[in-house]
Amino acid sequence: MRAHLKQFGLKSPAGIVLFLTWLLFGMYYVNRFNYSPMIPLLRADLGISNTQAGWLMAQFFISYTIFQLPAGFLGDRFGPRKTLTWGAVISIAGNLIFSQATSFGILSLGQLANGLGQSMGWTSSLKLIVSWFPRSRRATAIGLFATCVTAGSSVGIRLSGWLGDHLGWRSSFIIPPVLLAIVAVLFWMMVKDNPGEKGLPEFDDEILLERQIENDPRSRLSLVLSNRILWSVALVYFCFVYVQFGCLVWIPSFLTEGYAMSVDRASTLTALVLLPGVFASPLAGFLSDHYFGGRRKPLLLTGMFILALSTFLLSREVSISLAAGLLAIVGLMIIMPDVLLAAYPSDILSRKLSATGMGFLTTFTSIAGIITTPLSGKIIDIFDSYIAVFFSFAVVALAGALLTLRIRESNIFADR
């Protein structure tokens with residue numbers, strides 16, 4: 001094991017894989033959250049409603065949902081390096097289609113293509129991370145990796161807001177794909193699927209669990225679908241992502257329309273309040289690994305309750321200074337639970353089925369994305385206010401906290 005531990009410095013093969021995977025998936029998010037700041041500009045230019053704007057994001061999640069399990073299977077079958085690279089190519093194409101749209105139909109086509117490409121990212125990224133790091137460092141590595149979600153979201157929102165205000169909304173769907181293409185080429189050239197492909201020793205910390213999987217007469221997909229704890233995790237993940245993506249999509253418009261900010265200023269403030277999440281991810285992973293003995297549930301439960309409380313307070317009419325403080329807390333809490341939930345598939349099913357298990361979970365999260373964006377837009381249109389939508393986020397987050405109590409972390413593989 002000492003030989004293994006030497007593999008995890010910043011300049012080590014594992015460190016390089018972690019950084020390049022971080023960079024690539026961060027660019028995925030830049031090409032996903034270039035959309036939310038553009039909603040006011042799209043409405044003005046193409047005459048779409050908030051409900052239609054929500055449906056455009058739902059279109060993204062429709063294809064994202066459909067291809068979650070297939071994408072996870074492809075990551076396990078052909079390796080995450082190939083899947084991640086092809087996902088980037090498809091996402092690039094979707095953004096470029098969107099950039100040339102003059103109708104709701106073409107906008108939808110671009111979002112559907114982008115959702116397909118993006119569906120290949122999270123599952124394969126996590127498979128790469130768990131393949132290159134031992135179980136004892138899993139949540140810490142995932143926590144460091146997951147900072148790219150905050151960084152990519154912040155950069156995507158800020159960059160697209162600046163581009164939209166200065167060069168028009170179409171530029172926000174042209175320049176980010178170019179950046180993603182550059183990173184994807186670098187990733188393809190330098191990353192391998194596992195330490196064995198670099199001539200390094202494989203990990204032996206999950207041999208018993210892997211033997212259980214190999215000796216089980218059921219198919220690998222059946223092993224995933226029949227695990228009851230994974231279903232409990234999936235329901236919590238659904239609630240979490242409902243609030244997470246609802247906030248990420250609607251906060252810029254909330255600031256633009258609720259506090260009379262420009263698109264540029266609203267995107268800047270949104271990016272700033274999301275930045276604390278960069279610290280939440282590695283801290284949550286480190287605490288889970290080193291102070292909670294690999295348990296995820298205590299921190300997950302705390303995070304979901306804080307998310308419920310902070311979104312509830314945002315449903316009250318508050319000053320811009322208090323709103324900014326609450327949004328900073330939300331920025332922390334829409335990141336921290338993600339790290340902990342993402343560790344469960346490999347905890348439960350080992351590295352062998354980590355991508356398929358994550359594909360199962362992200363099917364639920366993308367269904368949440370399909371529902372939250374148009375439903376939240378409809379709530380805003382009905383009440384002509386963002387108060388009701390933040391209250392709905394609080395209710396869903398509270399439901400997620402209560403569902404967390406159902407997760408049993410002892411003997412997780414045997415409990416099917």
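**Exercise 1. Find which residues T363 touches, and decide whether T363 is buried or exposed.**

Solution. In this predicted model, T363 touches T65, Q68 and L69, once residues up to four places away in sequence are left out of the count. The next step is to place the residue, and T363 turns out to be found in helix α19, which covers residues 354-383. Its relative accessible area is 17%, and since buried means under 20%, T363 is buried.

**Exercise 2. Describe the secondary structure of the protein and state what share of its residues is buried.**

Solution. Begin with the elements: the secondary structure comes to 20 helices and zero strands. Then turn to accessibility, where buried residues make up 60% of the 416 residues in the protein. Finally, consider the contacts between residues at least 6 apart in sequence, of which 84% join residues at least 24 apart.

**Exercise 3. Work out how helices α16 and α17 are arranged relative to each other, and which residues meet.**

Solution. Two packed helices are described by the angle between their axes and the distance between the axes. For α16 (residues 297-314) and α17 (residues 320-333), the axes come within 9 Å and cross at roughly 155°. Because angles over 145 degrees count as roughly antiparallel, α16 is roughly antiparallel to α17. The crossing of these two helices is left-handed. On the α16 side the meeting residues are G303, I306, L307, S310, T311, L313 and L314, while α17 brings A323, L326, L327, I329, V330 and M333. Sorted by class, the contact of α16 with α17 has ten nonpolar residues, three polar ones and no charged ones.

**Exercise 4. Carry out the analysis for helices α3 and α13, and state how the contact residues divide by class.**

Solution. The axes of α3 (residues 39-46) and α13 (residues 228-258) come within 9 Å and cross at roughly 70°. An angle from 65 to 115 degrees counts as roughly perpendicular, and α3 and α13 are therefore roughly perpendicular to each other. The contact is made by I39, P40 and R43 of α3, together with V249, W250, S253, T256 and E257 of α13. These residues divide into four nonpolar, two polar and two charged.

**Exercise 5. Establish the surroundings of R296, and decide whether R296 is buried or exposed.**

Solution. R296 lies in the loop between α15 (277-290) and α16. With a relative accessibility of 3%, R296 counts as buried. Leaving aside neighbours within four places in sequence, R296 is in contact with A139, S288, D289, L340, A343, Y344, D347 and E409. One of these partners, A139, is 157 residues away from R296 in sequence, although the two are 8.9 Å apart in space, C-alpha to C-alpha.

**Exercise 6. Locate S160, and list the residues in contact with S160 beyond its neighbours within four places in sequence.**

Solution. S160 is found in helix α9 (residues 138-167), and with a relative accessible area of 1%, S160 is buried. Beyond its neighbours within four places, S160 is in contact with F33, N34, P37, M38, V155 and S172. As a further check on position, S160 and R170 are ten residues apart in sequence and 9.5 Å apart in space, C-alpha to C-alpha.

**Exercise 7. Count the disulfides, and decide whether C239 and C247 are buried or exposed.**

Solution. Taking a disulfide as a pair of cysteine sulfur atoms within 2.5 Å, the count comes to zero disulfides. C239 counts as buried at 7% relative accessibility, and C247 counts as buried at 0%.

Key: Residues are numbered from 1 along each chain as its sequence is written. This is a predicted model: local features need pLDDT of at least 70, side-chain atom pairs count only at pLDDT 80 or more; totals for chains, interfaces and linings use all residues. Side-chain values use heavy atoms; hydrogens and water are left out. Axes are lines fitted to C-alpha atoms, for helices over the stretch in contact, and angles run from 0 to 180 degrees between N-to-C directions. Angles under 35 degrees count as roughly parallel, over 145 as roughly antiparallel, 65 to 115 as roughly perpendicular and the rest as oblique. A crossing is left-handed if the near helix is turned anticlockwise from the far one by less than a right angle, and right-handed if clockwise. Contact means heavy atoms within 4.5 Å. Ala, Val, Leu, Ile, Met, Phe, Trp, Tyr, Cys and Pro count as nonpolar, Asp, Glu, Lys and Arg as charged, and the others, Gly among them, as polar. Buried means under 20% relative accessible area, exposed over 50%, partly exposed in between (1.4 Å probe, protein chains only).
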